[in-house]
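Pull the model up in your viewer and have the sequence handy. We'll take a walk through it together, one region at a time.

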Amino acid sequence: MAFGKGHHLHLIDGSAFIFRAYHALPPLTRKSDGLPIGAVSGFCNMLQRYVEGNAGGDVTHIAVIFDKGSHTFRNDMYDQYKANREAMPEDLRPQIPLTREATHAFNIACEEMEGYEADDIIATLAVQARNAGGRCTIISSDKDLMQLVGGGVEMFDAMKNNTIDVEGVEAKFGVGPDRVVDVQALAGDSVDNVPGAPGIGIKTAALLINEYGDLETLLDRAEEIKQPKRRQTLIDNRAQIELSKRLVQLDENTPLTFTLDDLEIRDPDPQKLLDFLTRMEFRTLTKRIADALKVEAPTIPDPAPAEDAPQIEAPDFDKSTYTQVGTAEELQTWIDKIYARGYVAVDTETTGLNEMTADLVGISLCVEAGEACYIPLIHKANRGDDLFGSDDLAEGQMPLDDALKMLTPVLEDPGILKIGQNMKYDAKIFAQIGITLAPFDDTMLMSYAMHAGLHGHGMDTLSERYLNHTPLPIKPLLGSGKSAITFDKVPLADAVPYAAEDADITLRLWQLFKPQLHRAQTTRVYETLERPLVPVLAQMERHGVKVDRDTLSRMSNAFAQKMGALEAEIHELAGRSFNVGSPKQLGEILFDEMGLEGGKKGKTGAYATGADVLEDLATEHDLPARVLDWRQLSKLKSTYTDALQDHINPDTGRVHTSYSITGASTGRLASTDPNLQNIPIRTEEGRRIREAFVAEEGKTLVALDYSQIELRLLAHIADIPELKQAFADGHDIHAMTASEMFNVPMDEMTSDVRRQAKAINFGVIYGISGFGLARNLRIPRAEAQGFIDRYFERFPGIRKYMDDTKSFAREHGFVQTLFGRKIHTPEIASKGPRAGFAARAAINAPIQGTAADVIRRAMIRMPDAIAGQPAKMLLQVHDELLFEVDQGAEDTLIDTARKVMEAASDPVVKLDVSLSVDAGTGSNWAEAH
DNA sequence: AATATCACG
DNA sequence: GACGTACGTGATATTT
C-alpha cells in the first residue's frame, strides 16, 4: 500500500546522532586494533534505544538521513557557507562510514545525496509525507528544520525527550514555522555562517516580521522603519539578507532516487546485525540485542596481548563460578591463594549504608578475574518479611569470630595488598571491629585521579564503561521503600553471586587501571593526594563532632513561632491563605493576583520567585520581604535545627558526616549525611546554629582557616606581581582592589566598597562576565564591564591566564592543578552555551583544585604532626579545619597545625606567595570561627 | 524524578 | 537589543 493516511514516517538526523554520540562518550577504541569506535558505539546504542522505544508504536516508515560530502548547492551561492566550521576531529573521521554500515545492519533505510544536505532530503520527505496525508516526525533539534513543522510534521528532541510542535517553534522564533526562514534570514546564524543583517537577532527579527507580515514586504517597506539604525541596516544589506534566506530555505524538491514506500519499517536480519556488532566488538550491546532477538549471543574473542600495552586476559563474567565459603577449610584455601598472589580484592556487605551504625554481614574476596567467593557471616535463615520468622542464622556460614580470626592477619598483613572500591567505607566497617585495613588500593580513587570530570566513579559506572559489564543490581535483592530488607536477610543463593561479583569487578578494574595510572602520569596524584587521605577521613568521620540537641531544639521552637507569625502576616497581605513554601503558588499570588510587575516565567511555565526576584519586589510591597524572612527561617529549621538532630548518633552523641573524596571534579571534598560544609555563617541568625556545635566537657574547639587561599594561588598561578606584592605586604587584598578600582584611598574605605571589590576578585576566579558581575552587584551592565576592563588593565596577567587556560583546555581536554591533578573539561569542545560553561569551569578548576590539593596535603600530614597532643581533627570545610583539643593545649595545637597548613605545598611546589592561616578558639563553633 | 530554592567555600 | 553568562557542592520541599 502506498504511503498515505495512517502512515507515520520517522526521519532521524544522522549527523546529529553521530556528533552527540561522539561528544557524549569517552574516546573508546576497539580492543583488538585500537580503532576509535566511541561514536559508532553511541550511535548504535541510540539507534537501538530508539527502535526499542518505538516498538509497538504507530511508526510505519523510518529512515536515517546523512549528509554527503561537504560541498552543496549552498556553497555555490555563498562560498563562506559553513566556512567557520571546525574540522572534524581526527578520531571521528574513520567512524563516519561505520555509522552508515550500522544503519544498514539494523536494516533501517539509510539515505544521502551528493550536493544536498541531509536537511534538504528531510524537507523533501517530510513534505511528501504531508502531501500524501500521512504524518512525519523528525528526530532532531536542529533549528534549521523547524520551518518544516506543522500539518502533520513535528520534531522530536531525543536528548531532551520532548516534542517540538508549532507552539514550540513559535516559542523559539517568535513566529510560526512558515515565517521561520524570514526570521533566520534576518538574524543570520553564526554556526552555519549565514550572514543575516548585522546587529539583528531573533528577537528583533521576529518583531519586524510580525509587524510587516513577511520578509519581502519588510524589505520593500524598509523606509518606514522608525529606528534609524535598523532602517539603514535593512536597506544597506538587502542583498545579503535575500542571500541568507536562500541559504536557510530548505530544498523541498530534492531529486530523490527512492520513494516513501522504500522506507517501510523492516525487521533486522539477526545474523547480519550481530555480525556487525561482533565485528565492532561491542560486548554489552551484542548481548543485549541478541537477547532482544531471542538468539544466542556470539562470543567476542579477547585480542592477543600486545607488546607495549599489556592486556589482561579476562574471562567473561560468569556468576556460576562464584563460590560460597562456609567452613574453615574452605576459607583456608582462599587465604592460601591470597598469600600465593600477594593481593586480594575485598568487599564487605553490611546492614546499611551508614558505616557508624551498619554491621558486617559478609565478606567477598577475589584473587583472579572470575575467581571470587563470598563469606556470609550473619545471614538470617528467614526473609525479613516473615513477621514471625526466627532470628536463626542461615545454614552454611562460619561463625563470625572464627572467620575474623583467620582473616584479620591477612587484612592487616603489610605484605598483602587489599584492593577495594571506595575503601573508606570498608576501612570504617573493619575499624568498628578493631581491624586496620592496610595496605590498600582503591579503584574509585584510581579512576578519580585519571578521569575526574569525565564521569562518576561508582562501581556501576566504572564496570559499564571499562569492563563492558553491567553489575547485578542490588534493588531486586533488597526491595525498596517500606518493604526493603537489609542484606543479612537476603537468601544466600542471591547474596553469593551479587557479593562475589563486586569483588570480581573490583579486581578487574584494578588490573585495568594499575598500568594506566602510570601511563597517564597520575600515579603521584593518586599516591600523594588520594590514597593517604582515606585513613585520615575515616578517623575524622568516626570521631564526629558533638552537637547539642537542646540548643537545636530550642532554636527549632523559636523558628516555628516566628514562622507562624510571618505566615499569618503573609496570608493577610495576600488576601487569602496559601502555601508559602510553594514557589508556584507564591508566583501566582504575586504576579497574577496582586499584579506586581516583572514576573518572569521559566521553562516550566512557573514564575521565578528566587531571592533576587523577591528582593527587587520588596521595594514595592511588604509581602515579598516577609516571604524572604519566612524562607530564611524555614531553611534554617528544616535543613539545620530539625534535620541535624536526627543525625546525632545515639551511641556517641555526636554527628558523623561522610566525606566523598571523588564527589567534586576539582579535588574538593563533598560532605553528606549530613552536609557539614554548609552550616550557616553569613547571617547573624543562621550563624547561631554553630553554637550547637560544641566541644566536649573540658575541651575546646579550634578553627584554622586559610586566608584568601584562592586569591593567593591566583596571584601565583597567573603570576600577578601586584597581587603577590600586596600579599607579601600583608595588605587587605579586597581593600587594595577596591582602592584601585574605585579610586578610594585605603583609609577611607567603606565596607560596602570593599564588598564590591571582593565580588570582582571572586568573579575573576569564576571566569567573570560583565553580565554576571552586574547581576551580582546589582549595577548596570556597562558599569560592571567598565570595572572588569579596568581590572584587566591593572592586572593584565589575569586575562592572559584566562586565555591560556582556555586554549590549554581546548587542546588537551583537561586542565591541571599545581600538583598535577587533572580535571577534564570535555564540554569545552561543544558548541553553544555549554562551551561557555566549560570555559569558565576550566578557568576556575586549577585555582579551586590547587587550593583543594593544598588542604589535602595538610590533612594528610596532620595526624603525625599532632600525634601526642590531646587533639583531634574533626571537620574540613574547603579552606578550614576544625579541631577539638584539651583545654590548655590550644596554643600548642594552633602552633603545630598552622605550621603544617602554611607549609602544605612544600616541598613539591614553591609558591611565590605565602599561605596564611587564621586561628580561633571557643567552646562552640560560632566562637571558634 | 525533576525543579526551585538556598545553605556553604 | 545575536546569544547566555560567574566556579564548586548538598538538602529540602513541592510538584510531576
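**Where the protein meets the DNA**

Let's start with Arg-775, where a polar side-chain atom sits 2.2 Å from a phosphate oxygen of DNA strand C. Keep in mind that this is a predicted model. Ser-665 also reaches a phosphate oxygen of DNA strand C, this time with a backbone N or O atom, at 3.1 Å. Arg-781 goes for a base instead: an N or O atom of its side chain is 3.1 Å from a base oxygen of DNA strand C.

Now zoom out a little. There are 37 residues around DNA strand C, and the ones that come nearest are Ser-582, Asp-673, Asn-675, Arg-775 and Arg-840. On the DNA side, sugar and phosphate make up 65% of the strand C atoms that come within 4 Å of the protein. Sorted by class, the protein surface there has 18 polar, 11 nonpolar and eight charged residues.

Which helix gives the most to this surface? That's helix 35, with five residues; it spans 833-865. Other elements that each bring at least two residues include helix 8 (202-212), helix 26 (622-646) and strand 16 (670-672).

Next, head over to strand 10, residues 371-376, where five of the six residues are buried. Strand 10 has two partners to look at. With strand 9 (residues 360-368) the pairing is antiparallel, over six bridges, and Ser-364 has Tyr-374 of strand 10 as its bridge partner. Strand 9 and strand 10 form a hairpin with two residues between the strands, and Gly-370 there takes a positive phi near 90°. With strand 7 (residues 323-324) the pairing is parallel, over two bridges, and Thr-323 stands opposite Cys-373 of strand 10.

From here, go on to the nonpolar interior. The largest nonpolar core has 138 residues, and those touching the most other members are Ile-363, Leu-365, Tyr-706, Met-859 and Phe-883. Helix 20 (residues 492-519) gives this core its largest share, eight residues. A second core of 51 residues is separate, and has Ala-63, Ile-138, Leu-208 and Phe-258 among its members.

Finally, click on Phe-883 and show its surroundings. Leaving out residues up to four places away in sequence, Phe-883 touches a list that includes Thr-700, Leu-701, Val-702 and Leu-704, along with Met-862 and Ile-866. Also among its contacts are Lys-872, Met-873, Leu-874, Leu-893 and Ala-897.

Key: Residues are numbered from 1 along each chain as its sequence is written. Chains are lettered from A and ligands numbered from 1 in the order in which they are written. This is a predicted model: local features need pLDDT of at least 70, side-chain atom pairs count only at pLDDT 80 or more; totals for chains, interfaces and linings use all residues. Side-chain values use heavy atoms; hydrogens and water are left out. A residue is near a molecule or strand if one of its heavy atoms lies within 4 Å of it. A polar contact is a pair of N or O atoms within 3.5 Å; within protein, one must be able to donate a hydrogen and the other to accept it, and residues adjacent in sequence count only if both atoms are side-chain atoms. Helices (H or I, at least four residues) and strands (E, at least two) are DSSP runs, numbered from the N terminus. Ala, Val, Leu, Ile, Met, Phe, Trp, Tyr, Cys and Pro count as nonpolar, Asp, Glu, Lys and Arg as charged, and the others, Gly among them, as polar. Buried means under 20% relative accessible area, exposed over 50%, partly exposed in between (1.4 Å probe, protein chains only). Two strands pair if DSSP finds at least two bridges between them. A nonpolar core is a set of buried Ala, Val, Leu, Ile, Met, Phe, Trp, Tyr and Cys residues joined through side-chain atoms within 4.5 Å. Contact means heavy atoms within 4.5 Å.
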